[in-house]
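Dear colleague,

Please find below the structure that I am handing over to you. I should be grateful if you would read the notes beneath it with the structure open.

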Amino acid sequence: MTDTAREQYSRTRLLLGQAGLDKLRQARVAVFGVGGVGGYVVEALARSGVGALDLIDDDKVCLSNLNRQIIATRSTLGQYKVDVAAARIRDIDPDIVVRTYKTFYTPDTAGQFDFTQYSYVVDAIDTVTGKLALVMQAKEAGVPIICSMGAGNKLDPSRFEVADIYDTSVCPLARVMRSECRKRGIQHLKVVYSKEPPLSPRMEEMVAETAPQSEARPGNPKKRAPGSLAFVPSAAGLILAGEVICDLTGCRNG
C-alpha cells in the first residue's frame, strides 16, 4: 500500500485494522441500482476502500433526482448514472477497479452477469421481479446478498432496521418479498427495511400533467412515482453499505 493510500484510509484502519482493509481491497461488490439508495451504497463502499465495484443501472440523471441522489447535480443532468458514479469513485480512489453496465436488470438480462465473480451483491433496484431474480442468482452462486426494501413515501430515517425478510413487518414491499421468497424456497434473506407506514402523497400535488412518473419497463409498468426526500434513501443506502463492510471484514466478530 502506498503512503498516499495509507493516509487516505488511516481513520478506517483505526477501526478495521490493516487485515480488514486488506479484505476490502480484495473484494468485488456488485451494486444493482445506482439511484437514491444505491448511490449512497456506492459512495460509502468506495470511501471504505472496496477494491472493485460493479455498477448496474440503465438510467440517466434527471431533474427529479436532484432532491436526493448523491450523483445528481446540475452538471451531471442527462448523463448515465453509472458513468457519474464511476467518475466519483475514480476521484475518491483511482486504484479501485470500476465496471459499469448500462443495463436494466431483469430475469431476461440476468445472464449477462457472472455472480461467482462477486464477493457480495447489493440489491437497490425497484422491481419485485428483478429483486427475486437477484436473490435466486446470488443463491445459486453462493454469494451473500442484501436487499433494500421500500424507501419511498417515508419521512423518518431512524425507522430503518436490518433483519431477515421473514422478521419484517409493516413494509408493503417486504410483505410481497416474504411471500415470493417463501414460494421459491428462500430460507433466509438479509434486508434493510423501515417499520414506518408509507405516507400517502399530498393529493393537491398529484396533478396528472406535472407529477413525475416512473418509466414503463419490463417488470415496472408506468406508475406514479413515490415521494422521497434527501435524508431517507441516503440513510438506507449507508446502512446497506455498513452491513456489506462488516460482513466482508467480520468486524463485528472482533
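The notes below cover salt bridges, a helix pair and a surface patch. Please bear in mind that this is a predicted model.

Salt bridges

The structure holds 14 salt bridges. In one of them, Lys-81 pairs with Asp-59, with the closest N and O atoms 3.2 Å apart. This pair links distant parts of the chain, as Lys-81 is in helix α4 and Asp-59 in the loop between β2 and α4. Both Lys-81 and Asp-59 are buried.

Another salt bridge joins Asp-247 to Lys-190 at 2.9 Å, N to O. Asp-247 belongs to helix α7 and Lys-190 to strand β7, 57 residues apart. Lys-190, Glu-243, Asp-247 and Arg-252 are joined into one network by salt bridges that share partners. Lys-190 counts as partly exposed because its relative accessibility is 25%, and Asp-247 is likewise partly exposed, at 36%.

Helices α3 and α7

The axes of α3 (residues 38–48) and α7 come within 7 Å and cross at roughly 40°, which makes α3 oblique to α7. The crossing is right-handed. Ala-44 lies in α3 and, at 18% relative accessibility, counts as buried. The C-alpha atoms of Ala-44 and Leu-238 are 6.6 Å apart, although 194 residues separate the two in sequence.

Surface patch

Leu-155, Leu-199 and Phe-231 form a nonpolar patch on the surface, together offering about 270 Å² of accessible area. Leu-199 sits in the loop between β7 and α7 and is partly exposed, at 39% relative accessibility.

With kind regards

Key:
Residues numbered from 1 in each chain as written. Predicted model: local features only at pLDDT ≥ 70, side-chain atom pairs only at ≥ 80, totals over all residues. Heavy atoms only, no water. Patch = residues over 30% accessible without salt bridge, like charges linked within 9 Å, V, L, I, M, F, W, Y side chains within 5 Å. Areas by Shrake-Rupley, 256 points an atom, 1.4 Å probe, with all protein chains shown as cover. Salt bridge = Lys/Arg side-chain N within 4 Å of Asp/Glu carboxyl O. Helix = DSSP H or I, 4+ residues; strand = E, 2+ residues; numbered from the N terminus. Buried < 20%, exposed > 50% of the residue type's maximum accessible area, 1.4 Å probe, protein only. Axes fitted to C-alpha atoms, helices over the stretch in contact; angles between N-to-C directions. Parallel < 35°, antiparallel > 145°, perpendicular 65-115°, else oblique. Left-handed = near helix turned anticlockwise from the far one by under 90°.
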